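Please look over the sequence and the model below. A short report follows.

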Amino acid sequence: MLIMGEVRTGLLQNSAEIEERDHQAVLGLLAGERVRMSRRPIVYAVSPDLLTGVDCRLPSASRARIRGVGTVVSRSSITGGRVLQGSSYVRVTRGEVNYRLPWSHYLARPGVVEVLGKVSGPDVADGFLAFGAPGEHLDLGSVSDRFMDVVQESPVLDLRAPFRSNRTRLRWVAETGEPGVHFTLGEGQERTLKVTHQGEFSPAVVDLCEDLALHDWLLTTLLTIVQRARIGGASRPEVSARLAPAVDTLLHLWMPGARIHPSLAALWESLERTPGFSRQWQSLVERIRDQLAVNTLALLRETNG
Amino acid sequence: MLVFAISDKGGTGRSVTSSNIVYRRALQGQDVCYLDFDFGSPTVGAIFRVSTASRGTTKGGMHRYLEGEIPEPTRIDVWTESDRDAIRAKPAGAGQMVLLPGDEGGGEFATFDGEMLKRCVRLFAGLHEQFDLIMVDLSAGRSFAAHLALAATAQLPRIPARWLVFHRWTRQHIIAANGLVRGDHGLLDVGVEHGHDRDALIDRIRFVRTAVLELGSGDFAHLRPAQRSWLNEIDRELRELATRHGVGLTTMLGKVPLDPVLQWREQLISDDDVAGTEIANPETVFAFDDLAKKIVDDTAWEGL
């Protein structure tokens, strides 16, 4: 059995952090279902699980024609009233028959995609992580994206985000085995993650992938802001003005592993050793604060003549 | 911000001017993208010198996305994929510059339905998340692409949208530009049909004069006095005509001087074309820079 998913992460399109009470309206994608919230150590809200029916080809590294039928589980979440994520995943299993069954069969197995015919788990996993042309295969990213779009369309949001940013795309596969995690930074916005965990798959693995995607997005976005500020190239007030949105919006959101199940904490810790997310983040934050301090001092010197 | 580039007639330099505005804006540090909505002739790739999309893309472009055949249109990073060295060298501090090309062999839409409108709205909203400036190049004349853009912006009142109408400085072009905005089935009529407020929409429309001859410039030093006074007279008539047709100075956002480089080879004008090889005029770049700033400068768009 193979479990694979894609998390997309982006900035919620609002000028300020959204209030706690607005989360229900923004994330209430399913009528009658409550949005779950937690407040410590950071405000986090997640929509109810949503199902999307699919009947399509699955990705394959060997370009085999593999047909899968079933449902994708998705959810949207907002962290710190600022960062929006769309996350979808499926469990790929071998179907018992080689033809499509009535939908009731698949609806009784939420999040399972059954393959009609033969399938090799590693072949599908490699094809999935290769980011082929969109639209040809089961596209979990598009499903995640669509739920993010629905959230961004909410009339509660003013669409005046403090800065422009890209959505990152993190594709992950999980299997059972000796615990380990392997993260790669692809071209542009693409990232891949292979997780091996002990025991049966549990949604805690999805939490881990979402948490990693969140922090990778924070780091990617902060790096872009610092690059664009042209420290040393542009004038001091200009540099400060360009760094300001990072201070207002992003710096306080760094909380790696905040919602990770203790059984998976070791995996986060190994990512902290290599590639060392928090190390890079910390050095960027210090650089920003130093710049602002130096620029303020220069400004004070000027005004005092 | 969404900016729609439109003209009544072909050959106004709409695409080359709007491409250069996008380029200047990126150099000024903003994230920009350029959407080819000229479905019948998707050749914007040629201006950016992206050879894989000089006649539109084969990988799935704007047309196929709007038809619902592909989940997202192809994006081309101009800084890395342009064939011109001067463009590929992205300067420090410049923003993203992304081209969303049309489809090779695509055609004008005969109509559009609700699903296509939904996809267009979603596309604009998604791009607004990522880009400071979204330039949408619409084909010349009245087209369904323009209808679609008006319908989509009517559904996105929270995203600022502006319209640039390009025209040359001639009698015919002045009359045609006015007709495109205020005439039967013009932008205002169609906009109102799709739910825009007429007065609010008119405040979002400005004119850009292209291929303008500057009578005071040195180019005219060699003219005979009779020619010069004739040109002055014609220019005065055109200015009066423009004012009568609502295309006068108050509604003009800017003008682009006549430049041989733009006439003979539609291209992005890099600083090297001006300072290095000197094939382009500095006034042209100045005009593009000025337009790139005015597009987002609210004082240039205050209600009239």
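Where is the place of F166(B) in chain B? F166(B) sits in strand β6 of chain B, residues 161–168. Strands here are DSSP runs of E with at least two residues, helices are DSSP runs of H or I with at least four residues, and both are numbered from the N terminus.

First, some ground rules. This is a predicted model, so local features need pLDDT of at least 70 and side-chain atom pairs count only at pLDDT 80 or more, while totals for chains, interfaces and linings use all residues. Residues are numbered from 1 along each chain as its sequence is written, chains are lettered from A and ligands numbered from 1 in the order in which they are written, and side-chain values use heavy atoms, with hydrogens and water left out.

**Three buried residues**

Buried means under 20% relative accessible area, exposed means over 50%, and partly exposed lies in between (1.4 Å probe, protein chains only). The table lists three residues that count as buried.

| Residue | Place | Relative accessible area |
|---|---|---|
| F166(B) | strand β6 of chain B | 1% |
| T57(B) | loop between α2 and α3 of chain B | 5% |
| T221(A) | helix α5 of chain A | 7% |

Start with F166(B). Its C-alpha lies 6.2 Å from that of I6(B), although the two residues are 160 apart in sequence. Contact means heavy atoms within 4.5 Å. Not counting residues up to four places away in sequence, F166(B) touches residues including A5(B), I6(B), T17(B) and V208(B).

Next comes T57(B). The loop that holds T57(B) runs between α2 (44–47) and α3 (62–66). Not counting residues up to four places away in sequence, T57(B) touches T52(B), P101(B), G102(B), D103(B) and E104(B). Its side chain also reaches the backbone nitrogen of K59(B) at 3.0 Å. From T57(B) to R75(B) the C-alpha distance is 9.8 Å, with their positions 18 residues apart in sequence.

In chain A, T221(A) lies in α5, residues 203–229. T221(A) touches F163(A), S165(A) and L250(A), again not counting residues up to four places away in sequence.

**A helix in chain B**

How many residues does helix α1 of chain B have? Helix α1(B) covers residues 14–27 and has 14 residues. From first C-alpha to last it reaches 20 Å, close to the expected 20 Å. That expected span is 1.5 Å times one less than the number of residues. Because 13 of its 14 residues are buried, α1(B) is largely enclosed by the rest of the structure. G29(B) follows α1(B) and has a positive phi, near 95°.

**Where the chains meet**

The two chains touch: 25 residues of chain A are in contact with 17 residues of chain B. The area buried between them is about 1800 Å², and carbon and sulfur atoms give 41% of that. Buried area is the accessible area (1.4 Å probe) that two parts lose on being put together, summed over both. L159(A), R164(A) and R228(A) supply 37% of the area that chain A buries against chain B, more than any other three residues.

Charge plays a part here too. The rule finds six salt bridges across the interface of chain A and chain B. A salt bridge is a side-chain nitrogen of Lys or Arg within 4 Å of a carboxyl oxygen of Asp or Glu. One salt bridge joins the side chains of R169(A) and E72(B), at 2.7 Å from N to O.

Notes. A polar contact is a pair of N or O atoms within 3.5 Å; within protein, one must be able to donate a hydrogen and the other to accept it, and residues adjacent in sequence count only if both atoms are side-chain atoms.
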